[in-house]
Amino acid sequence: MGNKKEKLTKSEIISKIAEIVERPKSEINLTIDTLVSIIISEMQVGHEITISGLGTFLKKRQNERLTINPATKQKIKTPSKNVPKFKPSKNLKDAVGLTD
């Protein structure tokens, strides 16, 4: 299949979960939307969210830095900002071959 990576969409994940747990897709969709909403709201206030076996979602502060506009080669000061980060668990790293 070349270099193109296959992607699993939210809809496909919902279908798989609904089939495994034998629940309606609408129920699974609501659960996933609620999970995402909780993760976002907790990260907004600076909390870390850890899901065992998956990893930790957290907010990190990215410091101000100098960057270069590739079109003009002009140096630009990029202000500091908060960015979302995800730290995979050891289980996830092992499962996808990220550890030795």
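**Entry 1. Residue K73**

Is K73 buried or exposed? I opened the predicted model with this query. K73 has a relative accessible area of 61%, so I recorded K73 as exposed, the cut-off for that class being over 50%. I placed K73 in the loop between β3 (65-68) and β4 (75-78). I then looked up the backbone of K73 and found a positive phi of about 65 degrees, although K73 is not a glycine. I noted the background to this: most residues other than glycine have a negative phi.

**Entry 2. Residue E22**

I next turned to E22, another residue that is not glycine and has a positive phi, here near 55 degrees. E22 sits in the loop between α1 (10-21) and α2 (25-44). Its relative accessibility is 69%, so I entered E22 as exposed.

**Entry 3. Overall fold**

I listed the secondary structure and obtained three helices and five strands. In sequence order the pattern reads α-α-β-β-β-β-β-α. The radius of gyration is 19 Å, whereas the globule rule gives 13 Å for 100 residues; the value is well over the rule, and I therefore describe the protein as more spread out than a compact globule. The C-alpha trace spans about 55 × 40 × 30 Å along its principal axes.

I also recorded that buried residues account for 13% of the 100 residues. Of the contacts between residues at least 6 apart in sequence, 27% join residues at least 24 apart. The accessible surface amounts to about 8500 Å², and carbon and sulfur atoms hold 55% of that surface. For charge, I noted 19 positive and 11 negative side chains. The centres of these two sets lie 13 Å apart.

**Entry 4. Aromatic pairing**

How many aromatic pairs does a search of the whole structure find? The search returned one. The partners are F57 and F86, whose ring centres are 4.8 Å apart. Their planes meet at 50 degrees, which lies between the cut-offs of 30 and 60 degrees, so I classed the pair as tilted. F57 belongs to strand β2 (residues 55-62) and F86 to strand β5 (residues 81-88). The two are 29 residues apart, and the pair thus links distant parts of the chain.

I checked the accessibility of each partner. F57 has a relative accessible area of 21%; buried requires under 20%, so F57 is entered as partly exposed. F86, at 36%, is likewise partly exposed.

**Entry 5. Residue K59**

I stayed with strand β2, where K59 is also found. Its relative accessibility is 33%, so K59 counts as partly exposed. Which residues is K59 in contact with, leaving aside its neighbours within four places in sequence? I recorded M43, Q44, G46, N82 and V83. Of these, M43 and Q44 carry numbers that fall within α2 (25-44), and N82 and V83 carry numbers that fall within β5 (residues 81-88). I also took the C-alpha separation of K59 and E42, which is 9.5 Å for residues 17 apart along the chain.

**Entry 6. Residue S52**

Finally I looked up S52, in the loop between β1 (49-51) and β2. S52 has a relative accessibility of 73% and therefore counts as exposed. From S52 to I20 the distance is 20 Å, C-alpha to C-alpha, with their positions 32 residues apart in sequence.

Notes. Residues numbered from 1 in each chain as written. Predicted model: local features only at pLDDT ≥ 70, side-chain atom pairs only at ≥ 80, totals over all residues. Heavy atoms only, no water. Phe/Tyr/Trp six-rings, centres within 6.5 Å; stacked < 30°, edge-to-face > 60°. Helix = DSSP H or I, 4+ residues; strand = E, 2+ residues; numbered from the N terminus. Buried < 20%, exposed > 50% of the residue type's maximum accessible area, 1.4 Å probe, protein only. Rg over C-alpha atoms; globule rule 2.2 N^0.38 Å. Contact = heavy atoms within 4.5 Å. Areas by Shrake-Rupley, 256 points an atom, 1.4 Å probe, with all protein chains shown as cover. Lys, Arg positive; Asp, Glu negative; His and termini not counted. Charge placed at Lys NZ, Arg CZ, Asp CG, Glu CD.
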